[in-house]
Amino acid sequence: MSYSRFLPDEQATIDFGRMLIRAVCQITSPHAITLYLNGDLGAGKTTLSRGMIQGLGHQGNVKSPTYTLVEEYRLQGKRIYHFDLYRLSDPEELEFMGIRDYFSADSICLIEWAEKGAGLLAEPDLSVNISYTDNARRIELIPQSEQGEAIIQLLK
Ligand code: ADP
Ligand code: MG
């Protein structure tokens with residue numbers, strides 16, 4: 001079952017990210033937990049990621065991985081990989097990065113513009129769709145695996 005919520009402002013998105021990562025961390029999974037963050041430029045994908053990463057205790061900045069493609073965080077015994085594939089011109093770049101190694105069992109992968117890496121990324125456990133509603137946003141979570149279903153159950 002999917003889950004949807006209205007996010008009136010940036011702070012609501014950050015707070016939702018903090019709640020979402022708590023749910024993700026409660027899930028046991030034999031593989032990486034992968035979230036595809038979908039939405040137009042400026043929708044709030046990076047803002048949500050910031051809430052999730054800071055929710056795990058990261059104190060510093062969460063910079064957008066627009067130029068680096070991926071930023072890594074080691075928090076609470078987990079590895080968080082925050083991808084932004086918007087500028088990926090050739091999916092082969094992901095092969096050169098050793099993309100498969102990012103999807104190991106103890107990692108959480110947050111992926112903006114996953115469609116640019118089609119065929120080379122793990123399938124998502126959760127699709128997170130953020131859309132505009134005037135100046136606010138609406139977020140919709142669509143489970144794509146048993147783990148995704150379990151995460152949504154924890155939000156209810
Ligand atoms: P993306 O990564 O999807 O391109 P960003 O998170 O970088 O988007 O930027 C979102 C922008 O929209 C920020 O400038 C933020 O202040 C603004 N904004 C306004 N309302 C919201 C909201 N409810 N959630 C997230 N961002 C919002
Ligand atoms: Mg972004």
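Hi everyone. Let's begin with one term: a polar contact here is a pair of N or O atoms within 3.5 Å of each other. Keep that in mind as we look at this structure, which is a predicted model.

So where does ligand 1 touch the protein through such pairs? Start with Thr46: an N or O atom in its side chain lies 2.9 Å from an oxygen atom of ligand 1. That distance is within 3.5 Å, so the pair counts as a polar contact. The backbone joins in too. A polar backbone atom of Gly44 is 2.9 Å from an oxygen atom of the ligand, and for Ala43 a backbone N or O atom sits 3.2 Å from a ligand oxygen. As for cover, ligand 1 on its own has 580 Å² of accessible area, and the protein covers 74% of that.

Now let's step back to the whole shell. How many residues surround ligand 1? There are 15, and the closest are Glu10, Thr13, Gly42, Lys45 and Thr47. Sorted by class, the shell holds 6 charged, 6 polar and 3 nonpolar residues. Two helices, H1 (10-26) and H2 (45-55), each give at least two residues to this shell. H2 has the largest share, with 3 residues.

Next, the pocket. Which pocket does the ligand take up? The space it fills is the largest pocket, and the volume of that pocket is about 240 Å³. Its lining has 19 residues, and those closest to the centre are Gly42, Ala43, Gly44, Lys45 and Thr47. You have already met Ala43 and Gly44 through their backbone atoms.

What builds the lining? H1, H2 and strand S7 (136-143) each supply at least two residues. Once again H2 gives the most, with 3 residues. By class, the lining has 8 polar, 6 charged and 5 nonpolar residues.

If you open the model afterwards, try starting at Thr46 and its side-chain contact with ligand 1. Thanks for listening!

Technical notes:
Residues numbered from 1 in each chain as written. Chains lettered and ligands numbered in written order. Predicted model: local features only at pLDDT ≥ 70, side-chain atom pairs only at ≥ 80, totals over all residues. Heavy atoms only, no water. Near = heavy atom within 4 Å. Polar contact = N/O pair within 3.5 Å; in protein donor to acceptor, adjacent residues only side chain to side chain. Areas by Shrake-Rupley, 256 points an atom, 1.4 Å probe, with all protein chains shown as cover. 1 Å grid on protein atoms, 1.4 Å probe; cavity = no way out; pocket = protein on both sides within 12 Å on 5 of 7 lines; lining within 4 Å. Sits in = over half its atoms within 2 Å of the grid points. Helix = DSSP H or I, 4+ residues; strand = E, 2+ residues; numbered from the N terminus. Nonpolar A, V, L, I, M, F, W, Y, C, P; charged D, E, K, R; others polar. Points joined across faces, edges and corners; volume = space filled by probe spheres on them.
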